[in-house]
Structures are given as structure tokens and as C-alpha cells.
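Colleague: Please take me closely through one helix of this model and what lies around it, keeping the cut-offs explicit as you go.

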Amino acid sequence: MSSQRLTASVSNYGGLGSFGAHGLKPEAIRNVIREIKALTTKPFAMNLWVSMEDEGAVASTEEAFHRSLSPLAKHIESVGGATPSYRPYEPIRFEDQVQVLLDEGISVFSFIYGIPSKQILDEFRHQGIVLIGTATTVDEAIALEQAGVDVIAASGFEAGGHRGSFLQPSEDSLTGTMALVPQVVDAVRLPVVAAGGIGDARGIVAAFALGAEGVQMGTAFLACEESGANTLHRKALLSGQARQTALTRGFTGRLARGIKNRLLDELNQNNIEILPYPLQRALVRHLSIPAEKAGRPELLPLWSGQSANLARCTHVRALLDTLVKEISEIGGAVQSWSAHRQLEEAQE
């Protein structure tokens with residue numbers, strides 16, 4: 001989940017705030033960028049999905065809609081929601097989203113679920129916009145390097161939210177962060193950012209030891225008041241309810257990690273029919289919006305990585321102050337050791 005306030009707060013502190021805009025129409029993305037720019041003069045990233053829809057989304061039928069609605073209908077009724085009617089899918093074009101990023105002159109473009117075309121990447125390079133591609137496997141990292149990105153985010157399967165795999169199915173690309181990062185570091189010459197299950201200074205220092213030059217954190221920031229997470233979600237992250245997480249396609253149609261609750265368990269049953277992304281995502285929103293108003297977290301998609309129980313801070317500045325203080329004690333030595341080791345290997 002993203003919010004303009006969270007993105008700007010991280011960037012103002014000295015980090016790189018990032019806003020996930022994949023579900024927004026182009027004009028909404030333009031408004032978000034301008035709102036963030038009104039809150040910070042520092043660089044920030046905008047994140048998009050290269051693959052906007054699953055195969056079958058356009059051809060999905062009204063009958064399939066009602067079959068997927070069936071297990072949700074009783075819950076929608078129980079929280080006072082209106083039973084949704086079928087509407088044909090109206091796609092958002094990735095190319096149109098991209099054009100807004102170019103028009104607005106952002107500093108960093110990050111992406112998952114694939115690699116944009118050479119033409120698109122060339123346009124960003126021409127404007128001096130930094131490109132960050134996401135890899136869930138070593139092969140994906142190599143493909144991103146060959147495409148000419150500037151930085152690779154190596155995302156282990158501990159991460160909350162969606163698995164951005166694009167060369168193989170997500171279920172076949174579940175490498176953990178500790179195993180993925182050093183292999184990616186050894187396989188490419190680009191800076192690598194470690195992501196997935198990093199919740200405190202210990203995880204950051206471990207990532208440095210593995211050869212990463214930076215880290216990407218999500219769940220720890222979701223617990224902060226500046227995030228776009230609702231109160232029920234933040235409470236779940238801070239109260240120990242996130243002790244168990246699980247992967248599911250039931251929330252959106254694509255494999256993603258969230259807190260294990262009643263809704264996740266029910267949608268993971270073998271007899272449940274899941275619509276292609278983003279149709280399933282739109283369908284579940286007809287439950288999640290009224291369920292939030294009714295105070296029913298067991299019926300909400302609650303995104304979370306496996307490190308959620310490490311979340312302690314409720315404000316961005318407090319979280320970053322803590323991380324900087326703790327990392328400064330030993331992080332420098334670990335980074336120096338890791339850099340020296342990589343240099344020696346490069347000279348062999």
C-alpha cells in the first residue's frame with residue numbers, strides 16, 4: 001500500500017520513498033506525482049507493473065464472475081455491502097501510465113512483473129531517470145541487466161504483497177532472500193537492493209553482508225501512521241496477529257503474501273474459482289471496503305511480509321531514526337568487508 005505522505009516522509013528523511021501506482025489510471029498517477037512533489041523536493045520512485053493483466057482477463061465471462069462471487073457473497077451481505085453486478089473488463093494501458101511518468105519528470109522508475117520494451121527504457125534513460133527492475137530469480141536478474149536497468153531489486157519470497165515473477169510461474173520462483181541476494185550479486189555487475197523479510201537493522205546488516213548495496217522495506221512502513229494501511233491493518237501488524245502469513249491468489253488473482261486469516265484460508269481452498277488478475281482484485285474490493293467499515297479484519301486482505309512481528313514503530317521518523325542508529329554501530333564494517341570481498345572476486 002502506498003500513500004503520498006509515506007513516500008514523501010521517507011524521501012525527506014534521506015531514503016528513497018516509493019509509490020505503487022499500478023492500479024491507477026494515468027490522470028490519477030499524474031495527480032499523485034504532483035501531490036508528492038508538493039510534499040518533498042527529494043527524489044522518489046514510482047512503481048508500475050509491466051504485466052497489467054493475466055491471460056483470460058479480457059475474455060472472462062459473466063458466468064465466471066458469479067462463480068467467483070459465490071464464496072464472497074455471504075460475507076459481503078454480513079458486513080452490509082452491496083452485491084456487485086458483472087461489468088466487462090476495462091483495461092488500463094501500461095504505456096499510458098508510463099507516459100505520465102515521463103511527462104512529469106520523476107527521478108526513479110521501478111517496475112515488477114517483467115521488463116518494459118527497449119523503446120520505453122530508452123526514453124527513461126534519455127531523461128536521466130533511474131531504472132530499478134525487480135527479480136525473484138537469478139535468471140530474471142540477468143535478463144534485467146541485459147535490458148540495461150540501473151539497479152536490481154532482488155525480492156525473496158518472504159516479502160509481503162505480490163510476487164513479481166515474470167520468467168517462470170510465481171509458484172516456481174519462491175527463493176528466499178538469504179539464498180537469492182548473494183546469487184544475484186554474483187551473477188550481475190549492477191547494484192543489488194535486497195527485499196523480502198527485512199524488518200529491522202539486523203536484516204539490513206545481513207543484506208549488506210550478502211553483498212547488497214541497499215535494502216527495500218515494506219511491511220515495517222505499513223505499520224506507520226503515514227502509510228496507506230487502514231487502522232485494522234496497522235493494528236494487526238503491531239499486535240502479533242501477523243505471526244502467520246501465507247501466499248494466496250485469492251485476493252487479486254496473482255500470488256501474494258498476506259496475514260493468514262479467515263478470508264485467505266477460504267479463498268485458498270481447492271474448490272474456489274479465482275478470476276484472472278485484475279478481475280479478482282476488483283471483485284474482492286466489494287468485500288474489503290464494507291468489511292473495513294464494519295471493523296472485520298478477518299475478512300480483509302492484510303498484506304504482510306514474514307517479518308511483520310518485528311514492526312514496532314508507528315511513525316516514519318522514529319523507524320528510520322532507530323534503523324540509522326543501530327546500523328551505524330556495525331553496518332559500516334560489514335559493508336566494507338562485503339565490498340572488499342566482491343572486489344577480490346572480480347579481480348580473480
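Modeller: Helices here are DSSP runs of H or I with at least four residues, strands are runs of E with at least two, and both are numbered from the N terminus. The model is predicted, so local features need pLDDT of at least 70 and side-chain atom pairs count only at pLDDT 80 or more, while totals for chains, interfaces and linings use all residues. Residues are numbered from 1 along each chain as its sequence is written, and side-chain values use heavy atoms, with hydrogens and water left out.

I would begin with helix 4, which spans residues 94-104 and is followed by Gly105, a residue whose phi is positive, near 65°. The buried residues of helix 4 are Phe94, Gln97, Val98, Val100, Leu101, Leu102 and Glu104, where buried means under 20% relative accessible area, exposed over 50% and partly exposed in between, for a 1.4 Å probe and protein chains only. Among the elements that cover these residues are helix 2 (26-39), strand 2 (44-49), strand 3 (108-112) and helix 5 (118-126), with contact taken as heavy atoms within 4.5 Å.

Two of those covering elements, strand 2 and strand 3, belong to an open sheet of seven strands in the order 1-2-3-4-5-7-8, with parallel pairing; two strands pair if DSSP finds at least two bridges between them. Strand 1 (17-20) and strand 8 (214-216) stand at the edges with a single partner strand each, so one side of each has no neighbour in the sheet. Strand 1 is joined to strand 2 by four bridges, and Ser18 has Ala45 in strand 2 as its bridge partner.

Helix 2, which also helps to cover helix 4, has a packing partner of its own in helix 1 (residues 4-13), with the two axes 9 Å apart and at an angle of about 40°. Axes are lines fitted to C-alpha atoms, for helices over the stretch in contact, and angles run from 0 to 180 degrees between N-to-C directions. Helix 1 is therefore oblique to helix 2, given that angles under 35 degrees count as roughly parallel, over 145 as roughly antiparallel, 65 to 115 as roughly perpendicular and the rest as oblique. Helix 1 contributes Gln4, Arg5, Thr7, Ala8 and Asn12 to this contact, and helix 2 contributes Val32, Glu35, Ile36 and Leu39.
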